[in-house]
Amino acid sequence: MKYTILVYENATDFSSRTDERRKEAYWGAYRAYTQALQTAGVMVGGAGLQPPPVGTTVRQRDGKRQVQDGPYAETKEQLGGFYQIDVPDLDTALDWASRCPAASTGAVEVRPNLVM
Amino acid sequence: MNTGDPHDAHRAAELAARASYGRLVAYLARRSRDVAAAEDALSDAFVAALAAWPRDGVPDKPEAWLLAVARRRLLDAGRHATVAARALPALHAVIDEADGAAARELAFPDERLALLFVCAHPAIDEGMRTPLMLQTVLGLDAARIAAAFVVPAATMGQRLVRVKTKIRDAGIRFEVPDPRELPARLEPVLEAIYAAYGSGWEDVAGAEARRAGLADEAIWLGRLVTRLLPNEPEGQGLLALMLHCEARRPARRDVTGGYVPLSRQAVARWNWPMIEEAERTLLVAAHAGLPGRFQLEAAIQSAHAQRGRTGRTDWDAIALLYEGLVRIAPTVGASVGQAAALAEARGAGAGLAALDAMPPAAIASYQPYWALRAHLLAMIGRADEAARAYTRAIGLSEDEAVRTFLAGKEGAR
């Protein structure tokens, strides 16, 4: 079954990406995690996302396009990236999700992909 | 084949249902990974049995007969309904395996343990674990479960459908967790069983018809877990705890239906064979040398049961057991129990001091706290405070008999 691991990071996580003292640990952890997924042969795809302020939200209402600066919702944790994995069941997906660095600081959601 | 007496056929279908419902569901669900589909197929099989058995006689192997019909229904459902293409190989696997099992005339494997772990999976909403277990393992209908949890039958039915959809769509694993994970995963299984017992315990002797108790069902599940996991002392601890509580049920009410607190219960009205079984079960658990929450709670009940033999209650021992319980499983109930034991062992002042130390938010709506507080305040003559505490306890009581009991104590001061 294919699952998507949604990586929700807090403000500190996002700032760790560029902070001189913390960025090495941050990127090192994600490199290692991604490598582990690849080595296990479960990784299907994924992407890291630029921080929420770079996001732009669009809604189409009454034939008009409404464009808003920033992410869809202001929450403490924001989507920072995602992984697509292919594993036998939810329990295995949860095992992988709990190893994601953001699981220790922010939150990680696991959702089965729709079969299309 | 037996002779086709319709009454026998109904009885046989009923017995087969009770004894093997959970086994059949577990077997079918594990292979199809779809609890709802397994249950639907099985209920069709039971309907078919009620039609065929009175006519043709009860088959020699009723379970195999039901399994054969159910797996055929499961395949039909897979063909006709909008089942995702990926489910079909799984369905074929069910058919092949069930055919093999039937052909070899072997009993099919008991996979209810895996089903119990699915029902109490951490990905399942906590409030739905017990209802799910009662339905899939015991075959209870939604209306009966709804009555025990005091929600409308339709609401319970919808919630059960939703949670089974999640099991299928999220792809929860149908397996007994490996030994490393087992203790952590067993805890919610035991909690869910205990919650079923609690739903029955509140309703002493059917005081409220709409809260039909599930104590028997919970004990049945407890026995099942101890049989399937004989080396898990917490499972035995839970069973011992439930048996101890159940053994005292007849003594919780006097002849007029009035509430009788534990310390006043007539020990002759306790169910002694059940207490013996509880003691044996707890002894087996103790051999493992791995104490846990349920074993401690059972040990507390065991200490209370000693009064039936010695005529006195060892409150020091009970206070010590509660201390251990509060340390490993801090709950409001355990803290109030500890305070009660301290009051008995060292006087009302010690009990009150323990109650005073509890956080106000935790006890604001907790009836046993206020009942105990009222009792202890009355003992040391703080009448006004006692009256206020009694009023609070009465206002928080769910049980008419308990309200009457507390009002009587308040009036008798």
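Which residue takes a positive phi in the hairpin of β3(A) and β4(A)? It is A:D62, with a phi near 50°, and the hairpin has 2 residues between the strands. The structure is a predicted model, in which local features need pLDDT of at least 70, side-chain atom pairs count only at pLDDT 80 or more, and totals for chains, interfaces and linings use all residues. Residues are numbered from 1 along each chain as its sequence is written, while chains are lettered from A and ligands numbered from 1 in the order in which they are written.

The hairpin belongs to chain A, which has 3 helices and 6 strands. Helices (H or I, at least four residues) and strands (E, at least two) are DSSP runs, numbered from the N terminus. In that direction, the elements of chain A follow the order β-α-α-β-β-β-β-α-β. Along the principal axes, the C-alpha atoms of chain A fill a box of roughly 45 × 45 × 20 Å. Chain A has 116 residues, of which 22% count as buried. A residue is buried if 20 or more other C-beta atoms lie within 10 Å of its own, exposed if 12 or fewer, and partly exposed in between, with C-beta atoms placed from the backbone. Two residues are in contact if their C-beta atoms, placed in this way, lie within 7 Å. Of the contacts in chain A between residues at least 6 apart in sequence, 73% join residues at least 24 apart.

Within the hairpin, strand β3 (residues 56–61) of chain A runs antiparallel to β4(A), and 6 bridges join them. One of these places A:R59 against its bridge partner A:Q66 in β4(A). Strand β4 (residues 64–69) of chain A is hardly covered, since 0 of its 6 residues are buried.

Strands of a sheet pair through backbone hydrogen bonds, either parallel or antiparallel. Here two strands count as paired if DSSP finds at least two bridges between them. An open sheet of 4 strands in chain A has the order β2-β5-β1-β6, with antiparallel pairing. In chain A, β2 and β6 (107–112) stand at the edges, each with a single partner strand, so one side of each is left without a neighbour in the sheet. On average, neighbouring strands of this sheet are turned by 20° against each other, direction ignored.

The pairings can be followed across the sheet. Strand β2 (residues 43–48) of chain A pairs with β5(A) over 5 bridges, and A:G46 stands opposite A:Y83 in β5(A). Strand β1 (residues 2–9) of chain A pairs with strand β5 (residues 78–86) of chain A over 8 bridges, and with β6(A) over 6 bridges. A:Y8 stands opposite A:L79 in β5(A), and its bridge partner in β6(A) is A:A107.

Chain B offers a helix pair. The axes of helix α6 (residues 126–138) of chain B and helix α8 (residues 153–170) of chain B come within 10 Å and cross at roughly 90°. Axes are lines fitted to C-alpha atoms, for helices over the stretch in contact, and angles run from 0 to 180 degrees between N-to-C directions. α6(B) and α8(B) are therefore roughly perpendicular to each other (65 to 115 degrees). The contact involves B:M128, B:P131, B:L132 and B:Q135 of α6(B), together with B:M156, B:R159, B:L160 and B:V163 of α8(B).

Elsewhere in chain B, B:A52 is found in helix α2 (residues 35–56). B:A52 counts as partly exposed because it has 17 C-beta neighbours inside 10 Å.

Notes. Parallel < 35°, antiparallel > 145°, perpendicular 65-115°, else oblique.
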